[in-house]
Every structure is written in C-alpha cells, then in structure tokens.
Amino acid sequence: MSGLSRHIETLSALLLAVIWISPLVFAFWAAFHTTSDAVSFDLTAPWTLDNFRIAWAGAPWLQYFLNTFLLVTIILIGQFIVTTLAGFAFAQVRFPGRDVVFILVLMQLFILPEVLIVENYVMVSRLGLFDTLLGVGMPYMASAFGIFLMRQAFKGVPIELHEAARVEGCGWFGILWRVYVPLARPTYLAYALVSVSTHWNNFLWPLIVTNSPDTRPLTVGLSIFAAPENGVDISVISAATMMSVAPLLIAFLVFQRQFVQAFLRAGIK
Amino acid sequence: MANNVNIEYRRQAIYGWLLLSPAAILLTAFAFYPSIATFWTSLFSRGTRRRPSEFVGGENYSDLFADPTFWKVVTNNLIYAGATIPISIAIALGMALWANSKIPARGFVRTAYFTPTVLPMIAAANLWLFFYTPGLGVLDQIGSLFGLPSVNWLGQPETALWAVIIVTIWKEAGFFMIFYLAALQTIPEDLKEAADIEGASRFTYTRRIVLPLLMPTTLFIMVNALINSVKLIDHLFILTKGGPNDASKLILYYIWEMAFAFFDAPQAAAMTILVLVVLGVVAGIKFTILDKRTHYQ
C-alpha cells in the first residue's frame, strides 16, 4: 500500500468534508457580517449582531419555536402510544387477520402522507382541526415505520419474562408497561431522535394546514420570512436560518454519537 | 378443555384488535380512506358555482396526458430521480469508505458529511441561495476569479433543475452514508486478513468483497432514494418555485400548485393517483423480489 495514494485519499476525504460544510460556514459568516462585508469575504471585516436583531424583530420567532416544540412533542407522544400498542399486538398477540393487517400497515410506508396532501387536508378540515397543531400532527401518529420498529423490539423480548410477569399476576397492560416498554428503551430513544428531527424539519404539510402565526412551525415561518417578495437581504436571511437551525444543530453536535447510533438503529431493520 | 382454548383464542383476538384500534383508525383516516377518496375525486369534474361537479370517468386523466406541463414535470422528475439516486448513493459510498478508514480527523470528516441531514430542507435552500445568487453569490465570485461571466443559476431553464438537484444530493448523501457505515462495520475482520494473506490489493478487496457485501444496503438505500425523489421538494419553494418556465418543477410541487394555488382538486387527484401507482409498483418490487434476495443478510 503506497503512502502516496493514502495521502491522496485522506486529502480527498478532507476536501469533500470541507465542501460539504461550506454552505453552513458561509451562512454562519454572512449572519455575523453586514451584507457588503459578507459578499466581499474580507476576513478582517468587523463582526456584528445586527442581522440577528433585524431578523428577530421581523417575525414572531418565539411563537414559531414554541409551535415547533409543541408540534414535535404532540407527535412524539401520539406516536409512542399508537406504535407501542400496535407493535405489541403484532409482536405478541395472536389474532385472526394479523398478517393481512400487518401488510396493510407496511403499505403505508409507500403511501406517503406527503402525497395525500389534498385529501388529508379535506379530512383535517372536516375534523375541525384546520390550523391547529393537532391537525398538523395527526397524520403522522400512526407511523408504519414506528409500528414496524416497535414490533421488532418487542419480538426480541424473551418470552420467559412475559410468562413470569403473568404468573406474578400482571394483566396484559401491566406486562406491556413493566416488561416490554422498559426493555425497548433504546429503540424508543432511537425512534424519538429520528421522529423529532424529521418533524422539526417538516415543511409541506404544515404549510398547507397552518394559516396563522399562532400555529405556524419554524420551517414555514422561515420560508415566509425569507421569501424574495419580502426583499430581506442575504445576511439577515442567513441570520434567521442560523437561528432556526441552531437548537437542532447544537443538540446534534453535542449528542453526535447517540444521534448517529439512533439513525443507524432506525435504519437497520 | 377445548372450551378453554377457545375462550383464550377469542380473548387474544379481542386484545389484538383493541391494541390495534388507535393505529387502525388513524391509518384509515389518513392513509387508506384518503387514497380511495383521491381516486374517487379524480373521476369527477371540477365543480364551479354554475356547474356542479359531475362524473367524467377518465377525463381528468386524459386532460392530464394532453397537458404539456404535465409531461414537462414528469420529465423533470425523471431527471431528478435519475441524477439524485445514483450520484447520492455513489457519494454516500465514498464517504462511508473514507469515514470508516483510518484517516486523520475522522471525527470531523464524519460530522461534516452528516450535518446536512439534521437541517430542514428550507434552511438548506436558504444556505444554497447564498451560493447561487447572481453577482453576489459564492459560485459567481469563485467564477469571477477565473474570469468567468456571472451566471443566474436559478433563473435560467438550463441550470435551474440542476441547481435543485445539487441541493438534494448535498442533503441526502450524508444520510445514506450512515447506512453504509453500519453495514461496513458488520463485515468481519478475517475477510480483510484473508485478502491480505492472498496478496489482494485494497482496491481488489473493496471491489470483490466489500461492494458485494454492501449490496443489500444499496438496495435498501435505493428504495429510500426513490421515495425521496418524489418527496423532497421543499427547497423548490425557496429556490425556484418550479420556474423559470416550469424548468425545475417536480410532480409533488405541481400537485400542490394544482390543488392549493389553482384550486383544481380533480386534476391534482388524478396526478396523485398516478404517483401512488408508481409507488405501489416500487413497494411490490421491494416486498417480493428484493426482500427475498436479501435474506442472507
């Protein structure tokens, strides 16, 4: 193995890494400089927080943050309840029609909520949930992916523990709550991370279902703020963008290992 | 005795369906019923105040097939899929091989590759806007160093779709890398040792041993990438809005536009059904052929 090709490889890997984060780095740079300094790439230019001040005053960000936070929480709680019950049924209860229903559930992996926007919009309006956070969250709660993940996790629980709990007099709910849920904790954590980052970043469906600043999540707020019609300059847009990605980005950098593990666990079926 | 078994059987059935009911209700309300309703809507004409909607059979579909914009959008989406799927998979594979080898600054490299995955598509589009803006943007400034003229990447039909494609690849390659990385770590060390003893070069080892072992992962990623090529359209809202002249418009964006900008629900429904049929075929292939082939994993 020649040292030269090794060096070339290392260099290419690093070069690709630099290219890959450069959009983020440039936005970071632009966010802290005036527009003219930002585009001239003068490294000695003074840093400023004005862009953040202008951006912050330009939209109800606090409300948007709160909405996104609540939305993600509502979806996560809903998903935990629904997928736990369904995953348990598919993994440990024998009932007629189970396999057929399971195939129907798997089909939802391909009937994307994103594609059904028109009829889902009609459905949400009919339920009186238009422009509510619950309306944004509902279509995602019975996630086929989550049900599948929970089923796999519950299948791995030794049947002896189940039997032992039953001998001790636990009902099915007690067994689920005291035996299965605690043992599946890593899966819950993985699923939570994937779910939170997915829905923190989701855009199209919230755009359709929300119609006021009281319900709008960050992504929709950001897209309205940065719309070309509003004529805000690139530095202010960069500041707003950095602001809205900061929580998730910082969380990612701090818990990087867990994050990657979570995606891995969620990915390998 | 037989009676007891029967009662137990029935009790399990009731438990099973009770446990399943929340999921069943939600899936029915937001996946199955809407699919059927979409099909139903696609068979009726668009109702106006003067003329209520009436049954027209396949007319919405034939209208769609006669609509040049529809074919433009389909072509765009095929190019979008045809470019983003292989390129992002190839880059992901390269990233994974590098991130798994013993190179200096491996932690930084991994983080850099994966970071775009945690950003919202909308934010990613804003970041890239700074690259693409004519005159001020990073790309133009780099170009001007070499004396190249300013290019309006997002504003001209020849480049707009490709500008969108690049953002998608940037966003998903790091995500796919993770799956390859996971698969690479399951390859036993002895294979590498055996290859070394046999005197195989690293290139041969990668090509003849690593790549075949990664095949199931590649298929899995491919299905995901295919779904993404339908789903990932958020950046269009920021970068091009499908323009100029529909040059960068993709199917899902067109569905959204039909339904929520032109208020033509039947046309949007017909298009949705076509997308669902394509996704259904993909699902069929995945569950029958691919899953059988990858059982040795």
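**Exercise 1.** Which residue with a positive phi follows H6(A)?

*Solution.* Keep in mind that you're looking at a predicted model. Step one: find helix H6 of chain A, which covers residues 117-126. Step two: look past the end of H6(A), and you meet Gly128(A), with a positive phi near 75 degrees. Step three: go back into H6(A) and pick out its buried residues, which are Ile117(A), Val118(A), Glu119(A), Asn120(A), Tyr121(A) and Val124(A).

**Exercise 2.** Work out whether Arg151(A) is buried, partly exposed or exposed, and find what it touches.

*Solution.* Step one: place the residue. Arg151(A) sits in helix H8 of chain A, residues 144-155. Step two: count its surroundings, and you get 19 other C-beta atoms within 10 Å. Step three: compare with the cut-offs. A residue is buried at 20 or more and exposed at 12 or fewer, so with its 19 Arg151(A) comes out as partly exposed. Step four: skip the neighbours within four places in sequence, and Arg151(A) is in contact with Gly87(A), Phe90(A) and Ala91(A). Step five: try a distance too. Leu85(A) is 66 residues from Arg151(A) in sequence, yet their C-alpha atoms are 9.5 Å apart in space.

**Exercise 3.** Compare the span of H14(A) with the expected one, then find its kink.

*Solution.* Step one: H14(A) runs over residues 234-254, which makes 21 residues. Step two: at 1.5 Å a residue you'd expect 30 Å. Step three: from first C-alpha to last, H14(A) reaches 28 Å, close to that value. Step four: follow the helix along to Ala246(A), where there's a kink of about 50 degrees. Shortly after that spot comes the proline Pro247(A).

**Exercise 4.** Describe the contact between chains A and B.

*Solution.* Step one: chain A puts in 71 residues and chain B 68. Step two: on chain A's side, helix H1 (residues 3-31) gives the most, with 12 residues. Step three: sort that side of chain A by type, and you get 54 nonpolar, 12 polar and five charged residues.

**Exercise 5.** Find how confident the predictor is in each chain, and in which elements that confidence is lowest and highest.

*Solution.* Step one: chain A has a mean pLDDT of 86, with 95% of its residues at 70 or more. Its lowest element is helix H15 (residues 256-267), with a mean of 70, and its highest is helix H4 (residues 61-92), with 93. Step two: chain B has a mean pLDDT of 86, with 97% of its residues at 70 or more. Here helix H6 (residues 138-145) is lowest at 78, and helix H3 (residues 68-100) highest at 93. Step three: for the model as a whole, note ipTM 0.86 and pTM 0.88.

Key. Residues numbered from 1 in each chain as written. Chains lettered and ligands numbered in written order. Predicted model: local features only at pLDDT ≥ 70, side-chain atom pairs only at ≥ 80, totals over all residues. Helix = DSSP H or I, 4+ residues; strand = E, 2+ residues; numbered from the N terminus. Expected span 1.5 Å × (residues − 1). Bend = angle between axes of the 7 residues up to and from the residue. pLDDT = per-residue confidence, 0-100. Contact = placed C-beta atoms within 7 Å. Nonpolar A, V, L, I, M, F, W, Y, C, P; charged D, E, K, R; others polar.
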